[in-house]
Amino acid sequence: MLKRLLQKYLKIPFVIKMLGGFSLGILVGLIFREDAQVLQPLANILIRLLKLVALPIIFFTIISAINETNFSELGKKGWRLLWYYLITTAAAMAIGLLLAYLFEPGKGIELREMETNPIKEWEWTTFFTNIIPESIVDGFSSGNLLALMFLGIVLGLGIAAMRVYKNKITQRQGQLLYGAFASLNTLFFKIMEWFLIYVPIGVFAIAAVNF
C-alpha cells in the first residue's frame, strides 16, 4: 500500500507537488493558526537537508566544470561568469529594493528599546580578504559562498594544471583527483534527487508555520 502511494507521489510533476504543498500549508496555517507550530520540525528538516547538499554541490560542480572546459577557453568563460554574477546580483538587489519601496515591510511596527551593535563601515579591502578562506574546513564551515567558490576555482585550476603537466605521474594524479571530485559531484546530485522527494512536504510545513 505504502509502495503504491509512494509511486503515485513520485509520478506527480514536481511543480504540481510544490504548488500543492504550498497551498495546503497556507490553508492549514490559516485554519489552525498557532497550533500549526507543531509542524516546525518538518520545516527545520528541509532547511537542514538543503544546507547539507547545497555547498558541496556548488564546490564539486565548480571543480568539475573547470576540468571539463578547454584550458584556452577558461579566461573567456571566466569573464562571462563574472559578468553574469554581477548582473544577476544587481537585478536581485533592484527587485528587493523595489519590493521594499512598494510594500514597506515593517511599517507601523514599534520596536522596544534594546542594545544594538553599531554597524561597521563597509570596506572593499575587508570584502576581498573575506573571499579567501583561512583553510579548506573554514571554507565550508563559515557558509561564505564566495569563499567556497574561490576555493573550488583554485582547486579546480590546480587539478586541471596537473592533468596537462609534462610529468606522467603528476598527470595520473591529476586525473585521479578529477575522477574523485567528479564522482563526488555525481554522488551529491543523486542525494539531492532523494531530498527533492521531501521538499514539497517541507514547503507545506514552512507555509503552515508562517501563515
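Exposed here means a relative accessible area over 50%, buried means under 20%, and partly exposed is in between. Keep in mind that this is a predicted model.

Q: Is Ile 31 buried or exposed?
A: Ile 31 sits in helix α2, which covers residues 14-32. Its relative accessible area is 55%. The cut-off for the top class is over 50%, so Ile 31 counts as exposed.

Q: Which residues form a nonpolar patch on the surface?
A: We've just met one member, Ile 31, in helix α2. Together, the residues of this patch have about 400 Å² of accessible area. The patch is made of Leu 24, Leu 27, Ile 31 and Phe 32.

Q: What pattern does the protein follow along the sequence?
A: Don't go looking for strands, as there are zero of them. The protein has eight helices instead. Read from start to end, that gives α-α-α-α-α-α-α-α.

Q: Which helix supplies the largest share of the largest nonpolar core?
A: This core has 18 residues, and Val 53, Phe 59 and Phe 181 have the most contacts inside it. Helices α3 (40-67), α7 (145-163) and α8 each bring at least two residues to it. The largest share is eight residues, and the helix supplying them is α8.

Q: Which residues is Phe 181 in contact with, leaving aside its neighbours within four places in sequence?
A: Phe 181 is among the residues with the most contacts inside the largest core. It belongs to α8, since that helix runs over residues 168-210 as a DSSP run. Beyond its sequence neighbours, its partners are Phe 59, Phe 60, Ile 63, Ser 64 and Ile 159.

Q: How many residues does the other core have?
A: This core lies apart from the largest one. Ala 36, Leu 39, Ala 205 and Ala 208 are among its members. Its residue count is eight.

Q: Which side chains meet in a salt bridge?
A: The count for the model comes to one salt bridge, with 3.1 Å from N to O. Both partners lie in helix α8, three residues apart, or about one turn of the helix. They are Glu 193 and Lys 190.

Q: Are Glu 193 and Lys 190 buried, partly exposed or exposed?
A: Glu 193 has 44% relative accessibility, and Lys 190 has 38%. The middle class runs between the 20% and 50% cut-offs, so Glu 193 and Lys 190 both count as partly exposed.

Q: How much of the accessible surface belongs to carbon and sulfur atoms?
A: Buried residues make up 24% of the 211 residues. The accessible surface of the whole protein comes to about 16,200 Å². The part belonging to carbon and sulfur atoms is 69%.

How values were computed: Residues numbered from 1 in each chain as written. Predicted model: local features only at pLDDT ≥ 70, side-chain atom pairs only at ≥ 80, totals over all residues. Heavy atoms only, no water. Salt bridge = Lys/Arg side-chain N within 4 Å of Asp/Glu carboxyl O. Helix = DSSP H or I, 4+ residues; strand = E, 2+ residues; numbered from the N terminus. Buried < 20%, exposed > 50% of the residue type's maximum accessible area, 1.4 Å probe, protein only. Core = buried A, V, L, I, M, F, W, Y, C linked by side-chain atoms within 4.5 Å. Contact = heavy atoms within 4.5 Å. Patch = residues over 30% accessible without salt bridge, like charges linked within 9 Å, V, L, I, M, F, W, Y side chains within 5 Å. Areas by Shrake-Rupley, 256 points an atom, 1.4 Å probe, with all protein chains shown as cover.
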